[in-house]
Amino acid sequence: MSENLTRGHRSAGTGLARAKSMPPWSLLAAGAVLGGLLGGAYGVVKTPTYTATSYVIAVPTDKGDPSAALGFAQAYGRVATQLAVLGDAQVWAGVPVRTLQADVRTATSPDAPMVAVSATSSRPDRAADMANAVTRSLTQHANDNQKNTHVQLLSFSRAVKPASASSASATVTGLVGASAGGLLGGLVLLVRPRRSADAARPASVPSPATAADVHGAL
């Protein structure tokens with residue numbers, strides 16, 4: 001039994017010695033490989049999402065000022081995600097208002113009187129339906145007030161069912177994970193304690209002759 005314990009201690013000591021003798025870059029490589037595997041697995045397991053975008057354009061009426069259309073387009077971009085617009089859009093989209101609030105975004109341009117409405121969903125057809133429903137409701141609300149605003153909102157481009165997912169693929173998530181893992185490994189190398197030169201240097205033992213000379217001197 002004592003022989004087995006001795007072998008176990010030797011094996012543990014050998015393993016620690018090998019770990020200490022490993023080059024520093026091995027920690028970087030291990031972190032990058034592990035991060036890449038985790039990132040790739042996340043990309044495979046995660047449900048893909050699809051994004052569809054529709055566009056509307058603000059056009060001045062006969063009594064309207066062309067320069068005012070740009071300002072109203074900016075305003076309509078902010079109104080598009082409000083409850084008054086989404087309340088009607090939920091009927092055409094077939095999803096609750098909270099889904100539209102979470103998955104619909106708008107964007108405007110400082111140079112063109114245009115509003116882009118983007119919807120994201122795990123189903124490509126639903127993403128297109130959501131974007132078109134919001135632009136339809138926004139257009140109706142805007143045109144109900146065109147006598148006062150002198151600006152008409154028209155559909156410029158309808159959203160179509162996206163052919164590919166907008167979410168990151170497994171390759172992209174794997175590369176991101178590998179980069180993060182390598183960065184983490186580099187940080188560990190920077191903060192790990194280092195042995196000083198004095199601690200690494202073995203203590204010197206006086207030779208028998210030197211010890212005898214010291215004893216004679218005393």
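Along the protein chain, the elements follow the order α-α-β-α-α-α-β-β-α-α-β-α-α-α from the N terminus, which amounts to 10 helices and 4 strands. The model is predicted. Of the 218 residues in the protein chain, 26% are buried. Among the contacts with a separation of 6 or more, 78% link residues 24 or more positions apart.

**Surface**

- The protein chain has an accessible surface of about 14400 Å².
- Carbon and sulfur atoms account for 60% of that accessible surface.

**Helix α4 and its surroundings**

- Helix α4 spans residues 83–93, and its buried residues are V85, L86, A89 and A93.
- These four lie on the same side of α4, because they cover an arc of only 85° around the axis.
- The other side of α4 carries the exposed residues L83, A84 and V91.
- The packing partners of the buried α4 residues are three helices: α3 (66–79), α5 (97–103) and α6 (124–144).
- G94 comes just after α4 and adopts a positive phi of about 75°.

**Strands β2 and β3**

- Strand β2 (residues 104–108) runs antiparallel to strand β3 (residues 114–121), and 5 bridges join the two.
- The connection from β2 to β3 is a hairpin of 5 residues.
- Within this pairing, V104 is placed opposite A119 of β3.

**The largest nonpolar core**

- The largest nonpolar core comprises 29 residues.
- Inside this core, the residues with the most contacts are L100, V104, M130, V134, L138 and L153.
- Two or more residues each come from β1 (50–60), α3, α4, α5, β3, α6 and β4 (151–157).
- Helix α6 makes the greatest contribution to this core, giving 8 residues.
- As background, nonpolar side chains in soluble globular proteins tend to be buried together.

**Contacts of M130**

- M130 is one of the residues with the most contacts inside the largest nonpolar core.
- With neighbours within four places in sequence left aside, M130 is in contact with A93, V95, T99, L100, D103, V104, A119, T120 and S121.
- Among these partners of M130 is A93, which is also one of the buried residues of α4.
- V104 and A119 are both in contact with M130, and these two residues stand opposite each other in the pairing of β2 with β3.
- L100 and V104 are likewise contacts of M130, and both are listed among the core residues with the most contacts.

Key. Residues numbered from 1 in each chain as written. Predicted model: local features only at pLDDT ≥ 70, side-chain atom pairs only at ≥ 80, totals over all residues. Heavy atoms only, no water. Buried < 20%, exposed > 50% of the residue type's maximum accessible area, 1.4 Å probe, protein only. Contact = heavy atoms within 4.5 Å. Areas by Shrake-Rupley, 256 points an atom, 1.4 Å probe, with all protein chains shown as cover. Arc of directions from axis to C-beta. Pairing = 2+ DSSP bridges. Core = buried A, V, L, I, M, F, W, Y, C linked by side-chain atoms within 4.5 Å.
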